[in-house]
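User: Please take a close look at the ligand site in this model. I would like the surroundings of the site as well as the contacts themselves.

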Amino acid sequence: MCGIVGYVGPRESQDILLAGLARLEYRGYDSAGIAVIDREGSLGMRKKAGKLARLREALDEAPLGAGTTGIGHTRWATHGGPTDLNAHPHLADDDRLAVIHNGIIENFSALKAELEAEGFSFRSQTDTEVAAVLLGREYRAAGGDLAAAFRAVVSRLEGAFTLLAMHEDHPGLVVGARRNSPLVIGLGEGENFLGSDVAAFVEHTRRALAIGQDQIVSITPEGVSVTDFDGAVVEVEPFEVSWDAAAADKGGWSSFMAKEVSEEPEAVANTVLGRVQDGQIVIPELDGLDGLFQGVSRVIVLACGTAYYAGLVGKYAIEQWARIPVDVELAHEFRYRDPIVGPETLVVSISQSGETMDTLMAVKEAARLGAKTLSICNTQGATIPRESDAIVYTHAGPEVAVASTKAFVAQITALYLLALHVGRVRGALSAEVAGAAIAELEALPEKIRWILENEQERIEQLSRWMSDTRSVLFLGRHVGYPIALEGALKLKELSYIHAEGFAAGELKHGPIALIEPGQPVFVMVPSPRQGATLHAKVISNIEEIRARGARVIAVAEEGDAAVLPFADEVLRVPLAAPLFEPILAVVPLHIFAMGLATAKGLDVDQPRNLAKSVTVE
Ligand code: M6R
């Protein structure tokens, strides 16, 4: 749940570390720090509670010596509050060794007691400092061999970790290890990089290596060596990062989120790009993997947060087109309930980051139980796809704002592609129906663009009017239900307003008690063409809440005149076939949540208490 970066090479490491941390700040932003070995060979460190800007100020006040080897960290606190002392790096071995960490060391209390009994003392409350002190002890025992000390340390650690360390004795060397936590290597010319993800170094190099579970990497300016935890050399194949640095910049937008919402049409278009040939879905990543879908009698979708809501939309598409029953589960609930899963189950995991620990652990558990695993992921080199039998990448580009927007529409798009592909492979879907769906799919980017061009201003105005609102409810039926959930989550996380999403049919079973005069309720109105019954039922729901004083904001299809007499506001979306409605209906909700948070003067990119990538359970 933290961002880590390492550098060795001829350039000033401080600049490279700070730039890398700025790109990783979405992973955690309650404190930050760097350590550098300067040209005289001494190790210096600065760290500060608060956002990266505070660290920059500290460095301006008390600069570190210039140096070409360094590590940097941006933190999301787990053990120990966000204070200067708990920030990383942590020092050991007479302050000659610096260590940073992402993850949780579950047995840190026992290790700490062991080290204290030997006379070691601690300055922070973190689990990381325990690893640092242990590494210092093992470094001495290994006669100054840092990689050997790492091997000794990792065998003692339980939990999840990426650890990076450097020692004054070895300028030009950074060593890292990973277990259930991400670490990628950037390969430069006469310089090398380490990062929690490729965003840390993509402005310097697009050649990368993703190291596997339980591996240790040493980088010097001249090269990279990878071993397993026993010291056996591991060969790792480089890959080319397709994102460029510009894609991860704000590019003149007021926030990453504003930029990313504006990129929703491209996120959909790029996810479809190259995957329709001669009117057929062709997913190159699934070439030769048709067997994965044969003999499957059940699909379980596993994900968390927004990705889970995308999965709920995917259920409708997979069941309709591929005719396979689908369960959608929160990954953290799946893992601990002794699930009934076997070779007849296809587990589809969805994760923007590909690093969400709950999802990763659930996928591993499913694989252990014999399920086939396929992941939908936006981040190259990430762990979840590497642990899966097959991958379908979303091509949303880097998503930096903590709240997921463009990745969500890309995830739904990938699920449509997958459902159509599986439907055809299994013979459950006619070419004609698939063709019509593909045409709808290809029309979506233009329709999203229409919403941004024609409705965004009005929605932003509405969010300004509503900036004092204390609670907002969201209702939807059928594919509108997951969108109600997503609308509520986005509003909660960005504007800290109480928000709940409900299935409209559930209203009378309890939630209607919440309605009082003036209560704002967003209602996802299904297309009248979706079946008169569903539309009529939602209109009845609107009448029921209006009768109790609710203020209704309807998200409805252009041309749906029937809704007008029942709504205080109508946000228009273009016509689409029923299954494709969610990807359009969510756009006004993303704009609204962002607009309301902006009106309240909040940081839409880095909401309080959150981190983009939840890499701890
Ligand atoms: O990286 P992932 O897609 O696995 O992340 C899953 C959730 O943590 C994520 O969607 C989270 O709910 C976002 N903050 C929602 O905006």
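Analyst: In this predicted model, the C-alpha centres of domain 1 and domain 3 are 46 Å apart. The division of the protein chain behind that figure puts domain 1 at 3-246, domain 2 at 250-445 and domain 3 at 456-599.

The UniProt annotations can be set beside that division. An unreviewed UniProt entry lists "domain: Glutamine amidotransferase type-2" for residues 2-222. Within this span, helix makes up 25% and strand 33%, and the C-alpha atoms at its two ends lie 28 Å apart. The annotation "domain: SIS", also from an unreviewed UniProt entry, covers residues 289-428 and 462-607. For residues 289-428, the end C-alpha atoms are 17 Å apart, with 42% of the span in helix and 20% in strand.

Now the ligand itself. The ligand occupies the largest pocket. Two elements, α8 (305-322) and α15 (480-495), each contribute two or more residues to the shell around the ligand. That shell holds 14 residues, and the closest are Ser351, Gln352, Ser353, Thr356 and Glu493.

Three polar contacts can be described individually. One involves Gln352, where a polar backbone atom is 2.6 Å from an oxygen atom of the ligand. Another pairs a ligand nitrogen atom with a polar backbone atom of Val402, at 3.5 Å. In the case of Lys490, the partner is an N or O atom of the side chain, located 2.8 Å from an oxygen atom of the ligand. As for burial, the ligand taken alone would expose 410 Å², of which the protein buries 91%.

The pocket also has a link to an annotated site. Under "active site", the unreviewed UniProt entry gives Cys2 and Lys612. These residues are spread over 611 residues of sequence, yet they cluster in space, with a largest C-alpha distance of 9.4 Å. Of these residues, Lys612 is included in the lining of the largest pocket, which is where the ligand sits. Cys2 belongs to the segment that precedes β1 (3-8).

Taken together, the description of the site rests on backbone contacts at Gln352 and Val402, a side-chain contact at Lys490, and a pocket whose lining includes the annotated residue Lys612.

Notes:
Residues are numbered from 1 along each chain as its sequence is written. This is a predicted model: local features need pLDDT of at least 70, side-chain atom pairs count only at pLDDT 80 or more; totals for chains, interfaces and linings use all residues. Side-chain values use heavy atoms; hydrogens and water are left out. UniProt positions are given in the numbering used here, feature names are shortened, and annotations may be inferred rather than shown by experiment. Helices (H or I, at least four residues) and strands (E, at least two) are DSSP runs, numbered from the N terminus. Domain bounds come from an automatic or database domain assignment. A residue is near a molecule or strand if one of its heavy atoms lies within 4 Å of it. A polar contact is a pair of N or O atoms within 3.5 Å; within protein, one must be able to donate a hydrogen and the other to accept it, and residues adjacent in sequence count only if both atoms are side-chain atoms. Accessible areas come from the Shrake-Rupley method with a 1.4 Å probe; for residues, only the protein chains shown count as cover. On a 1 Å grid over the protein atoms alone, a cavity is a set of points where a 1.4 Å probe fits but cannot get out, and a pocket is an open set with protein on both sides within 12 Å along at least five of seven lines; lining residues have an atom within 4 Å of a point. A molecule sits in a cavity or pocket if more than half of its atoms lie within 2 Å of its grid points.
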